[in-house]
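Q: I'd like to learn how to read a structure like this one, feature by feature. Can we walk through it together?

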Amino acid sequence: MSKNQKIISDKLLKWYDQNARLLPWRLFGRAKPDPYKIWISEIMLQQTTVQAVIPYFKLFIQKWPTVDQLCKSDLSEVLHLWSGLGYYSRARNLHLSSSIINSKYNNFLPSTESELLKLPGIGSYTAAAIMAIAFNKRAVVVDGNIKRVVSRLFFLEKPIKENYREIWDYTNCITPNIRVGDFVQSLMDLGSEVCTPSKPRCYQCPVINDCKAKNNKKENFIPLKQRKLEKNSRNGSSFFIRKGQKVLIYKRLDHGLLASLDALPSIGWDNQVDHRLEFIKKLEKKKISSIKHEFTHFTLKMDIYLVEYLENENLKLPKDFIWADINNLKKFSFPTLMQKILKKIINDQKP
Ligand code: SF4
């Protein structure tokens, strides 16, 4: 590390000591971070904002404060708590990993990159973040905020997506050997609070004199913008099959999109073949509404159909289908898409 690079990391650490965000997985002062909490937070933060994660994290830690307790839980409980947070494979991977950590590591999260990478759901970014933040080991951590800050600091005139290697090299240059976790979090916090995507607040920045983008008056143009690709669109149909005060719901297949979650029967949108849903084709249905929902890779237009059954009519239910009490749907693990559909149906039915 050159003298200038050390000056940058020193300034960032000093700034962090006074400006760190108060987040529920962080500890300050002499106490050591809890690797379990750091692991849970890093998994939840994948593709998800800090603000969205905080309430889920608090509930999660309240319910399962240790690896041991998490591994004794039922996967359906974890999925239920995860409802609405999205990317449900993360919940399944956490649950699976907790059993591995329990049996192989005596409930202690491993601290080496090679061991962390063997746990389901941990890729190279998450392994580096856990090593640095939970164990204060030197690792180069490059998340979305850090990519932007480093691109501006070193005036890297490329779109972020095309420039991972160069950003990693510069981040490596300024990463110190001590207080690595604090340093990583200082860059994350600077990106979140000061060096924001638009209109960075350079007047509050501890490294303003070192920032090459600022010196070139280009802070609003770096990193260069990438042309957005058009998202694919898909159409699907969802069925509100009602029998008095009950509605038919089912557990989705244990693989693919929204795996193992509770749902209204729906077809045509998820590229899955689920023979249990074939009975729907024969039902008499009426279209009552539709919604739009954004997935990462496609936009879904879902038509909603109503099917009415008489109280005394019998329908032979396929495996994992049940009649659920309409007034007690909160106990099920519906993903955001299904919550949106149910909300739309309920709102449309209000006088
Ligand atoms: S000076 Fe401005 S652009 Fe440069 S790192 Fe600080 S906030 Fe970001």
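**Reading the model step by step**

A: Sure, and keep in mind that this is a predicted model. Let's start with one residue: beyond its neighbours within four places in sequence, aspartate 348 is in contact with Ile288 and Ser289.

Q: Which helix is aspartate 348 found in?
A: Look up the element first, then its residue range. Aspartate 348 belongs to helix H13, which covers residues 336-349.

Q: How do I read the exposure of aspartate 348?
A: Partly exposed is the class between 20% and 50% relative accessible area. Aspartate 348 has a relative accessible area of 41%, so it counts as partly exposed.

Q: How far apart are aspartate 348 and valine 207 in sequence and in space?
A: Check both scales. In sequence, aspartate 348 and valine 207 are 141 residues apart; in space, C-alpha to C-alpha, they are 53 Å apart.

Q: What domains does the assignment give for the chain?
A: Start from the bounds: domain 1 is 3-215 and domain 2 is 232-349. Eight residues from domain 1 and 13 residues from domain 2 take part in the contact. Taken over C-alpha atoms, the centres of domain 1 and domain 2 are separated by 36 Å.

Q: And which residues are around the ligand?
A: List the shell, then sort it by chemistry. Around the ligand are Arg152, Val194, Cys195, Cys202, Cys205, Ile208, Cys211, Lys214 and Glu219. That shell splits into six nonpolar, no polar and three charged residues.

Q: What about the space taken by the ligand?
A: Here you match the ligand to a cavity: the space it takes is the largest cavity.

Definitions and conventions
Residues are numbered from 1 along each chain as its sequence is written. This is a predicted model: local features need pLDDT of at least 70, side-chain atom pairs count only at pLDDT 80 or more; totals for chains, interfaces and linings use all residues. Side-chain values use heavy atoms; hydrogens and water are left out. A residue is near a molecule or strand if one of its heavy atoms lies within 4 Å of it. On a 1 Å grid over the protein atoms alone, a cavity is a set of points where a 1.4 Å probe fits but cannot get out, and a pocket is an open set with protein on both sides within 12 Å along at least five of seven lines; lining residues have an atom within 4 Å of a point. A molecule sits in a cavity or pocket if more than half of its atoms lie within 2 Å of its grid points. Ala, Val, Leu, Ile, Met, Phe, Trp, Tyr, Cys and Pro count as nonpolar, Asp, Glu, Lys and Arg as charged, and the others, Gly among them, as polar. Helices (H or I, at least four residues) and strands (E, at least two) are DSSP runs, numbered from the N terminus. Buried means under 20% relative accessible area, exposed over 50%, partly exposed in between (1.4 Å probe, protein chains only). Contact means heavy atoms within 4.5 Å. Domain bounds come from an automatic or database domain assignment.
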